[in-house]
Amino acid sequence: METAIELKGITKTYKGEAQAAVCNVSLKVKRGSIITLLGPSGCGKTTTLRLIAGFERPESGEIYIGGKLMAGEKTWVSAEKRKIGMVFQDYALFPHLNVEENIGFGYREKDKKQRVQEVLEMVNLLGFEKKGVHHLSGGQQQRVALARALAKKPDVILLDEPFSNLDTNLKQTMRNEVKRILKKANATGILVSHDQKDALAISDEIVVMKDGIIQQKGSPKRVYQFPRNAFVAGFVGESNMMEGVVQPGKRWITTEIGSIPCNQYHILSEGEKVLLSLRPNGFEIAEDGEIEGVVESFSYVGEYLEARVGVMNEQKKKTSLLIYLHPNEILQQGDPLKLRVSANFVSVVKN
Ligand code: ADP
Ligand code: MG
């Protein structure tokens, strides 16, 4: 597949700062795909977007858009000349202009009226042309911002924290809408988010960042099931981390809670010491479950039952496991419990 954007070893340090905001970042984004830069506040997500848009200049590395060099040691293409649409975190709409004027702002082609109609249709806002933007809801304002970004038929749309100002119900709707709109416009989308749920739901690929450095890149399912290091395991969902030793045959790992199945035998050696991440939703209650524990506490959170189960090993050392069970399960504090864990939720991680 064609590459829409490529970053090669991009580094950016702000003036007066000791640490680079973005450090040696390399990334390829396929045309037509949606990727999300995911990470905690301050990890360099917005800076990466601003570098791609041309609002910041990297001190080293190269940025290609549509195969053309935009930023490099001797090359600099300014933001207006890059075929990029940006949706800012606060939408940055012009408050004194109506919907149609906002969308058409800066559009100089002859087909302006027609193009504004086209993008209004894409974002489901036909009929809103003359409305002042301050009369619109958060979701509608976001649609206008997206329509404005799409109007010039950019190769790439950049969206900075697009869902952070929306309440939970609207968030879910807008996640689906933004995905539908980007796919319909055949645009490549790069989103920034600190919310793992948003990132998992909307993206073809997620890129997890920490301290300006990419930690892992992959499909949402892959990153969730097989986090590569302890940071990713803890940031993208929750995890039980524990050490283990690979058994002969490499299909089982001995841990403080007993033998744990693992699919990643191709990267393991017999007798090797490893760090494991066990996702809380990898467990189920089973008569023949190999993990025996006692219910310490539980809380019903609607979609699932969240429980802590204490597992005692032969040396009388206790491990407290976090597990998610079906909300219909009935638990009592102090109940003994047998659990089975699925290898699909067990991942070998690096530190
Ligand atoms: P994120 O979007 O992931 O929250 P940013 O890219 O905004 O992170 O910031 C990355 C780092 O760069 C942070 O440490 C932040 O304080 C710093 N930073 C961001 N913008 C500036 C700036 N204009 N001047 C100096 N430091 C900045
Ligand atoms: Mg930011």
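How many salt bridges are there between domain 1 and domain 2? I looked this up at the outset, and the count is 0 salt bridges. I note that the model is predicted.

**Entry: the domains**

I consulted the domain assignment, which gives domain 1 as 3-83 + 154-234 and domain 2 as 238-349. I then looked up the separation of the two domains: their C-alpha centres lie 34 Å apart. To the contact, domain 1 gives 10 residues and domain 2 gives 14 residues.

**Entry: the interface**

The size of an interface is often given as the accessible area lost when the parts come together. I therefore looked up this area, and found that domain 1 and domain 2 bury about 950 Å² between them. Carbon and sulfur atoms carry 51% of that buried area. On the side of domain 1, I recorded Tyr-224, Gln-225 and Phe-226 as the residues that lose the most area to domain 2. Together they make up 53% of what that side buries. I also looked for polar contacts, and the rule finds 4 residue pairs across the interface of domain 1 and domain 2, both residues being at pLDDT 80 or more. The interface thus has 4 residue pairs in polar contact and 0 salt bridges.

**Entry: the surroundings of ligand 1**

Which residues surround ligand 1? I listed Tyr-14, Glu-17, Ala-21, Pro-40, Ser-41, Gly-42, Cys-43, Gly-44, Lys-45, Thr-46 and Thr-47. I sorted this shell by residue class and obtained 4 nonpolar, 5 polar and 2 charged residues.

**Entry: atoms facing ligand 1**

I next looked up individual distances to oxygen atoms of ligand 1. A polar backbone atom of Gly-42 is 2.6 Å from an oxygen atom of ligand 1. For Gly-44, a backbone N or O atom lies 3.1 Å from an oxygen atom of the ligand. With Thr-46 I found a polar side-chain atom instead, 2.8 Å from an oxygen atom of ligand 1. Finally, I looked up the cover of the ligand: taken alone, ligand 1 exposes 560 Å², and the protein buries 58% of that.

Conventions:
Residues numbered from 1 in each chain as written. Chains lettered and ligands numbered in written order. Predicted model: local features only at pLDDT ≥ 70, side-chain atom pairs only at ≥ 80, totals over all residues. Heavy atoms only, no water. Near = heavy atom within 4 Å. Polar contact = N/O pair within 3.5 Å; in protein donor to acceptor, adjacent residues only side chain to side chain. Areas by Shrake-Rupley, 256 points an atom, 1.4 Å probe, with all protein chains shown as cover. Nonpolar A, V, L, I, M, F, W, Y, C, P; charged D, E, K, R; others polar. Domains from an automatic or database assignment. Contact = heavy atoms within 4.5 Å. Buried area = accessible area lost by both parts, 1.4 Å probe. Salt bridge = Lys/Arg side-chain N within 4 Å of Asp/Glu carboxyl O.
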